Structure formats: C-alpha cells, structure tokens
Amino acid sequence: MTLKQQLIDDMKTAMKAGQKDRLAVIRLINAAIKQKEVDERVEMTDPLVLGVMEKMLKQRKDSITQYEAAAREDLAAQERYEQGVIEAYMPAQLDEAAILAEIDKAIAATGAASAADMGKLMGVLKPQLAGKADMGLVSKLVKQKLAS
C-alpha cells in the first residue's frame, strides 16, 4: 500500500472513530499532497509524499520554536501534536553512524575528494536518505568528511 493510500485509509478510520484532532492533521497532510499534485501536475509517489511531510515537519519545528519564544504554550502544544502525527508516517530515522556509512559509500561511488564535489555527493545522497535522515545533519557531516 502506498503512503498516500494509507493516509486516505487512516483518514476514514479517524472519521469513524471520532478522532477530530488526528483527522484534522491527516486532512492537512492530504491537502498539501493534493496541492503539490495540482501545482506540479505529477502523480505523488512515496518519495514525493515523504518530501511534502518533511517540509511540514520543518514548519512545525519552526513554529514550536517561535511559539515557545512568545510564551504561547497552547499553540506550541498543538504544533507538537501535529508533529507527532506526521512523524508517525515517516520512516525510522537513521543514526549518525548509519548516515556516515552512507556518506562513505557515496564518496566511493562518486570519487568526491574536496568541498567542490559536495553538490555531486549531495545529489547522490538526497534520494537515498530522503525521509530517513535530517538533510541538514547530512550536509554538515558531508562538509566535515570532505574537509578532512
């Protein structure tokens, strides 16, 4: 079953169970997916759906930071709940050792040797690690590897 289909099934389940908060978050995810389909005229595959949800997670994290800085714990709690529902659909996150192993494989495959090769290396890593690792962390680790 595709991730998109799973979201639709879970939306129906949440409706039947009367889980209004969960239903609202799933509808937000589906709306973002549908918007991307319409805007880009593409059929959403699992990697594209994961990309949409990664973006939504980043927005939630930014919002939580801003709400906490403004002492709006009620709004921060709502964002944390939404973040939790979205994260439930994401694949398990890789630890730093696994990310470093993937970086080493990509370096061996591409022959990257300096910081000038970072774009080429990230082009190989991004599809492999999408949804499985924080790309900011991946970028930082790639810079460290290429600098040494």
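When I give an angle between two helices, I mean the angle between their N-to-C directions, running from 0 to 180 degrees, with each axis being a line fitted to C-alpha atoms over the stretch in contact. Keep that in mind, everyone, for the pair I'd like to start with. And please remember throughout that this is a predicted model.

The pair is H6, residues 118–129, and H7, residues 135–147. They pack at an angle of about 140°, and their axes are 11 Å apart. As H6 passes H7, the crossing is right-handed. So who makes the contact? From H6 we have Met 118, Leu 121, Met 122, Leu 125, Lys 126 and Leu 129. From H7, the partners are Met 135, Val 138, Ser 139, Val 142, Lys 143 and Leu 146. If you sort the residues of this contact by character, nine are nonpolar, one is polar and two are charged.

Let's stay with H6 for a moment. This helix has 12 residues, and from its first C-alpha to its last it reaches 15 Å, close to the 16 Å expected at 1.5 Å a residue. Which residues of H6 are buried? They are Met 118, Leu 121, Met 122, Leu 125 and Leu 129. Around the axis they cover an arc of only 95°, so they sit on the same side of H6. Here is a handy reminder: an α-helix has 3.6 residues a turn, so residues three or four places apart point the same way. On the other side of H6, Gly 119 and Pro 127 are exposed. The buried residues of H6 pack not just against H7 but also against helix H5, residues 96–110. After H6 comes Gly 131, with a positive phi near 80°.

Now let's step back to the whole chain. The secondary structure comes to seven helices and zero strands. Of the 148 residues, 33% count as buried. The C-alpha atoms fill a box of roughly 55 × 40 × 30 Å, taken along the principal axes. Looking at contacts between residues at least 6 apart in sequence, 59% join residues at least 24 apart.

Next, the beginning of the chain. Helix H1 covers residues 3–17, so to speak our opening act, with 15 residues and a reach of 21 Å between its first and last C-alpha atoms, close to the 21 Å expected. What is buried in H1? The list is Leu 3, Lys 4, Leu 7, Asp 10, Met 11 and Ala 14. Seen down the axis of H1, these residues fall within an arc of 120°, so they line one face of the helix. They pack against helix H2, residues 20–40, and helix H3, residues 46–69. H1 is followed by Gly 18, whose phi is positive, near 75°.

That brings us to H2. Its 21 residues should span 30 Å at 1.5 Å a residue, and its end C-alpha atoms are 30 Å apart, which agrees. Buried here are Leu 23, Val 25, Ile 26, Ile 29, Asn 30, Ile 33 and Glu 37. What covers them? The cover includes H1, H3 and helix H4, residues 73–87. Following H2 is Arg 41, and its phi is positive too, near 50°.

To leave you with one picture: H1 turns a buried face to H2 and H3, while H6 packs its buried residues against H5 and H7. Thanks for listening!

Methods
Residues numbered from 1 in each chain as written. Predicted model: local features only at pLDDT ≥ 70, side-chain atom pairs only at ≥ 80, totals over all residues. Heavy atoms only, no water. Helix = DSSP H or I, 4+ residues; strand = E, 2+ residues; numbered from the N terminus. Expected span 1.5 Å × (residues − 1). Buried < 20%, exposed > 50% of the residue type's maximum accessible area, 1.4 Å probe, protein only. Arc of directions from axis to C-beta. Contact = heavy atoms within 4.5 Å. Left-handed = near helix turned anticlockwise from the far one by under 90°. Nonpolar A, V, L, I, M, F, W, Y, C, P; charged D, E, K, R; others polar.
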